[in-house]
Number of protein chains: 2
Amino acid sequence: MRLEKFRVFFLLLALSIISCDQESKRDKYDSGKGEMLVRIAAIEIEPNYLKEYIAILKEEAEASVRLEPGVICIYPMFQKENPTQIRLLEIYANKEAYASHLKTPHFKHYKETTLEMVKDLRLIDMEAIDKEIMPIIFTKLK
Amino acid sequence: MRLEKFRVFFLLLALSIISCDQESKRDKYDSGKGEMLVRIAAIEIEPNYLKEYIAILKEEAEASVRLEPGVICIYPMFQKENPTQIRLLEIYANKEAYASHLKTPHFKHYKETTLEMVKDLRLIDMEAIDKEIMPIIFTKLK
């Protein structure tokens with residue numbers, strides 16, 4: 001019972017600290033810098049290159065999310081029935097974050113090495129219907 | 001400086017507690033219950049109903065994510081250039097979580113009230129390329 005109280009205490013304390021941390025992080029990217037950028041990238045890959053492409057994409061997505069505070073989400077998937085059809089959900093804090101992403105070594109490496117593997121690429125600008133839902137979604141993930 | 005040390009200490013402590021909490025939550029939904037279900041729903045809406053449809057969808061997505069531990073993500077968007085084209089990124093902990101979602105009052109309400117608003121519906125099964133990327137995405141969001 002006492003342990004439970006400690007857990008709750010530390011959790012509340014921690015959440016407030018984390019919340020502060022993220023407040024300052026978001027300030028850096030959001031304030032006065034306009035809207036979040038949400039996009040679905042629809043990419044078709046040459047079948048022969050699929051395995052190689054996926055390895056490079058995975059590395060690039062991971063590095064972007066890990067290293068760039070303005071890259072909120074790059075979530076890569078492929079269609080189960082047609083694995084050469086790749087889809088990415090991309091969320092950037094704002095236009096500046098996206099512009100800065102294009103200049104990173106990991107993005108440049110991805111772009112250069114996969115240029116010939118990509119058969120088709122469509123970038124579809126999206127608008128999130130519920131901007132408030134994200135915090136809830138991501139508290140559910142490890 | 002001392003404050004900084006405290007912040008780090010509490011952060012680490014908190015993260016380990018949160019991690020434990022989520023471990024047990026996942027156990028409940030993942031262990032022995034198979035793979036996560038990832039899907040893009042591509043929905044076209046009758047233009048006259050768009051505003052009404054979006055309001056109902058927003059409510060349904062929010063309730064699903066908030067109330068159902070097995071609904072990891074329902075992220076609704078529309079195409080900026082063609083707002084009647086709705087896309088949802090849906091992630092369920094497993095098949096059981098999805099089956100249970102279909103039985104909820106909020107899903108049933110959504111399905112019944114929007115039936116005539118939906119012009120076209122395609123459910124595209126996806127596979128996440130990097131299952132490890134989620135934890136990083138989560139730490140970046142409030």
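**Reading a two-chain barrel**

Biologist: I see that Cys73(A) has Ile91(A), in β3(A), as its bridge partner. Which strands do the bridges around that pair join?

Modeller: First, keep in mind that this is a predicted model. Now the general idea: strands of a sheet pair through backbone hydrogen bonds, either parallel or antiparallel. Here, strand β2 (residues 71-79) of chain A and strand β3 (residues 82-92) of chain A run antiparallel, joined by 8 bridges.

Biologist: Okay, over to chain B. Which strands pair with β1(B)?

Modeller: Take β3 first: strand β1 (residues 37-45) of chain B pairs with strand β3 (residues 82-92) of chain B in the antiparallel sense, over 8 bridges. Within that pairing, Arg39(B) has Glu90(B) as its bridge partner. Then there's strand β4 (residues 118-128) of chain B, antiparallel to β1(B) and also linked to it by 8 bridges. For an example there, look at Ala42(B), whose partner in β4(B) is Arg122(B).

Biologist: What do the strands build, and in which order?

Modeller: They make a closed barrel of 8 strands with antiparallel pairing. Follow it round as β1(A)-β3(A)-β2(A)-β4(B)-β1(B)-β3(B)-β2(B)-β4(A). On average, neighbouring strands in this sheet are turned by 35 degrees against each other, ignoring direction.

Biologist: And what lies across the strands of chain B?

Modeller: Helix α3 (residues 95-102) of chain B does: it lies across β1, β2 (71-79) and β3 of that chain, at about 130 degrees to β3(B).

Biologist: Let me pick one residue, Leu50(B). Why does Leu50(B) count as partly exposed?

Modeller: You count neighbours. Leu50(B) has 15 C-beta neighbours inside 10 Å, so it counts as partly exposed; buried would take 20 or more, and exposed 12 or fewer. This residue sits in helix α2 (residues 50-67) of chain B. Leaving out residues up to four places away in sequence, Leu50(B) touches Ile45(B), Pro83(B) and Thr84(B). Its C-alpha atom is also 9.7 Å from that of Gln85(B), which is 35 residues away along the chain.

Biologist: Where in chain A is confidence lowest, and where is it highest?

Modeller: Helix α1 (residues 2-30) of chain A is lowest, with a mean of 53, while helix α4 (residues 105-114) of chain A is highest, at 98. Chain A averages a pLDDT of 83, with 70% of its residues scoring at least 70. Over residues 18-32 of chain A, pLDDT stays under 50, and the model has 14 contacts beyond four places in sequence for that stretch.

Biologist: What are the ipTM and pTM?

Modeller: The model scores 0.74 for ipTM and 0.76 for pTM.

Methods: Residues numbered from 1 in each chain as written. Chains lettered and ligands numbered in written order. Predicted model: local features only at pLDDT ≥ 70, side-chain atom pairs only at ≥ 80, totals over all residues. Pairing = 2+ DSSP bridges. Helix = DSSP H or I, 4+ residues; strand = E, 2+ residues; numbered from the N terminus. Contact = placed C-beta atoms within 7 Å. Axes fitted to C-alpha atoms, helices over the stretch in contact; angles between N-to-C directions. pLDDT = per-residue confidence, 0-100.
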